[in-house]
Amino acid sequence: MSHVIDGKAIAAAMNEQTARSAAQLRARGIIPVLAVVAATGEESAARYMRSIERAAARVGIECRIHRLPLPASLPQVASKLGELSRDPAVHAVICQNPLPEGAALAAVGSSIAVRKDVDGANPESLGMLAVGLPDAFPPATAAAVLEILRHEHVSLDGRRAVVIGRSSVVGKPAALLLLAENATVTICHSRTRDLAEVCREADVLVVAVGQPQLVNARYVAPGAVVIDVGINPASSGGLVGDVDASAVAGVASAITPVPGGVGPVTTAQLMRHAIRAAISEHIQ
Ligand code: NAD
């Protein structure tokens, strides 16, 4: 059977470290502040923001949620993000999806100062990641994928990594981070031909598609490590990933579960980024 990677345990270890750093900042009179801008009344977004608030409180970060009066326009969102980026009391800024007019995050991301862009929403942050400049934050989910692989001691140097999904928030930055670790990276997407065959070449398979249980045993080489980023509502209630975990269980050497895999590590990574932003603002 595959080893089931415990995302909650990884997140707990990360949060312990983050809480220590937050306590050190507070001891110097610095309150680390994460600001969230929301221009949506969707319940799933509200649920996510509550979970961010709880996670921040647990590690000693003050989370300030700025709900814009609805309906809000894109310029209003951009203006709020800019205002928070200029506020010296705020160290980290994120923007909640969905945006007005169904816009992509990139439409307003450039209003977040790169040094406070802890979820890699500014296209400049992604560009810096692409050229290997260290001073930008990758999106938390992509960073979480790499953190899990690091924690599990999965070697990447010279290995084959396949990423399914080419979004700017998960697939592309995850591929760039894998490349930076010297993996040989293939990015697949909705137009990829012979997807299962390409995926079977992977030592590490990262799945970020948003299609419940798309990936089954045909997609996985024996012994591969499978990171399931997908979060989809299950027909029975609850959540299901992009990977059919029971089908893959006998083939993969290790797999992240959904829920309890990438999700909690993503939140922990966001908090880690927020603390790093506060530290570099005040101390370095
Ligand atoms: P997205 O819709 O922006 O991108 C999906 C990608 O999958 C696209 O690049 C598309 O080309 C590709 N794709 C779609 N159908 C495909 C198919 N049949 N075969 C191959 N490729 C296909 O989604 P996203 O924002 O990148 O998110 C992907 C998944 O990750 C979603 O389930 C989302 O909920 C989840 N997610 C999880 C976290 C987390 O913290 N765990 C964070 C962000 C997103």
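**Exercise 1. A loop residue**

Does Ser110 count as buried or exposed, and what is its relative accessibility? Then place Ser110 in the chain and find its contacts.

*Solution.*
Step 1. Note that this is a predicted model.
Step 2. Take the cut-off: a residue is exposed when its relative accessible area is over 50%.
Step 3. Ser110 has 52% relative accessibility, so it counts as exposed.
Step 4. Find its place. Ser110 sits in the loop between H4 and H5.
Step 5. List its contacts, leaving aside neighbours within four places in sequence. They are Asn122 and Pro123.
Step 6. Check one distance along the chain. Ser110 and Glu124 are 14 residues apart, and their C-alpha atoms are separated by 7.2 Å.

**Exercise 2. The whole chain**

Describe the fold in numbers, then test the chain against the globule rule.

*Solution.*
Step 1. Count the elements. The protein chain has 10 helices and 11 strands.
Step 2. Look at the extent. The C-alpha trace spans about 50 × 40 × 40 Å along its principal axes.
Step 3. Apply the rule. For 284 residues, a compact globule would have a radius of gyration near 19 Å. The protein chain has 19 Å, which agrees.
Step 4. Turn to burial. Of the 284 residues, 51% are buried.
Step 5. Now the contacts. Take those between residues at least 6 apart in sequence; 69% of them join residues at least 24 apart.
Step 6. Finish with the surface. The chain exposes about 13100 Å², and carbon and sulfur atoms supply 52% of this area.
Step 7. Add the charges. There are 25 positive and 25 negative side chains. The centres of the two sets lie 3 Å apart.

**Exercise 3. The largest nonpolar core**

Which residues of the largest nonpolar core touch the most other members? Which element gives the largest share of this core?

*Solution.*
Step 1. The core has 31 residues. Leu149, Leu178, Val204, Val206, Ile227 and Val229 touch the most other members.
Step 2. Trace the elements that give two or more residues. The helices are H1 (7-27), H6 (140-151), H7 (171-180) and H10 (262-282). The strands are S5 (160-164), S7 (204-207) and S8 (225-228).
Step 3. Pick out the largest share. H6 gives six residues.
Step 4. Zoom in on Val204. Not counting residues up to four places away in sequence, Val204 touches Leu149, Val154, Leu156, Arg160, Ala161, Val162 and Val225.
Step 5. Look for another core. One of 25 residues lies apart from the largest, and its members include Leu25, Cys63, Val118 and Ala277.

**Exercise 4. Two helices**

Which residues of H7 are buried, and what do they pack against? Is Gln269 buried or exposed?

*Solution.*
Step 1. Start with H7. Its buried residues are Gly171, Pro173, Ala174, Ala175, Leu177 and Leu178.
Step 2. Compare the numbers with the helix repeat. An α-helix has 3.6 residues a turn, so residues three or four places apart point the same way.
Step 3. Find the partners. The buried residues of H7 pack against helices H5 (123-131) and H6, and against strands S5, S6 (184-188) and S7.
Step 4. Step past the helix end. Just after H7, Asn182 takes a positive phi of about 70 degrees.
Step 5. Move to H10, where Gln269 is found. Its relative accessibility is 4%, so Gln269 counts as buried.
Step 6. List the contacts of Gln269, without neighbours within four places in sequence. They are Met14, Ala140, Ala143, Ala144 and Glu147.

**Exercise 5. Unusual backbone**

Where are cis peptide bonds found before Pro71 and Pro98, and what are the omega values? Which residues in the S4–H4 and S7–S8 loops have a positive phi?

*Solution.*
Step 1. Recall the usual case. Most residues other than glycine have a negative phi, and most peptide bonds are trans.
Step 2. Leu70 and Pro71 are joined by a cis bond, with omega about -5 degrees. Pro71 is in the loop between S3 (62-67) and H3 (74-86).
Step 3. The bond from Asn97 to Pro98 is also cis, with omega near -5 degrees. Pro98 is in the loop between S4 (92-95) and H4 (106-109).
Step 4. Glu101 lies in the loop between S4 and H4. Its phi is positive, about 60 degrees. At 67% relative accessibility, Glu101 is exposed.
Step 5. Gln213 lies in the loop between S7 and S8. Its phi is positive, about 55 degrees. With a relative accessible area of 39%, Gln213 is partly exposed.

How values were computed:
Residues are numbered from 1 along each chain as its sequence is written. This is a predicted model: local features need pLDDT of at least 70, side-chain atom pairs count only at pLDDT 80 or more; totals for chains, interfaces and linings use all residues. Side-chain values use heavy atoms; hydrogens and water are left out. Helices (H or I, at least four residues) and strands (E, at least two) are DSSP runs, numbered from the N terminus. The radius of gyration is taken over C-alpha atoms; the globule rule is 2.2 Å times the number of residues to the power 0.38. Buried means under 20% relative accessible area, exposed over 50%, partly exposed in between (1.4 Å probe, protein chains only). Contact means heavy atoms within 4.5 Å. Accessible areas come from the Shrake-Rupley method with a 1.4 Å probe; for residues, only the protein chains shown count as cover. Lys and Arg count as positive and Asp and Glu as negative; His and the chain ends are not counted. The place of a charge is taken as NZ of Lys, CZ of Arg, CG of Asp or CD of Glu. A nonpolar core is a set of buried Ala, Val, Leu, Ile, Met, Phe, Trp, Tyr and Cys residues joined through side-chain atoms within 4.5 Å.
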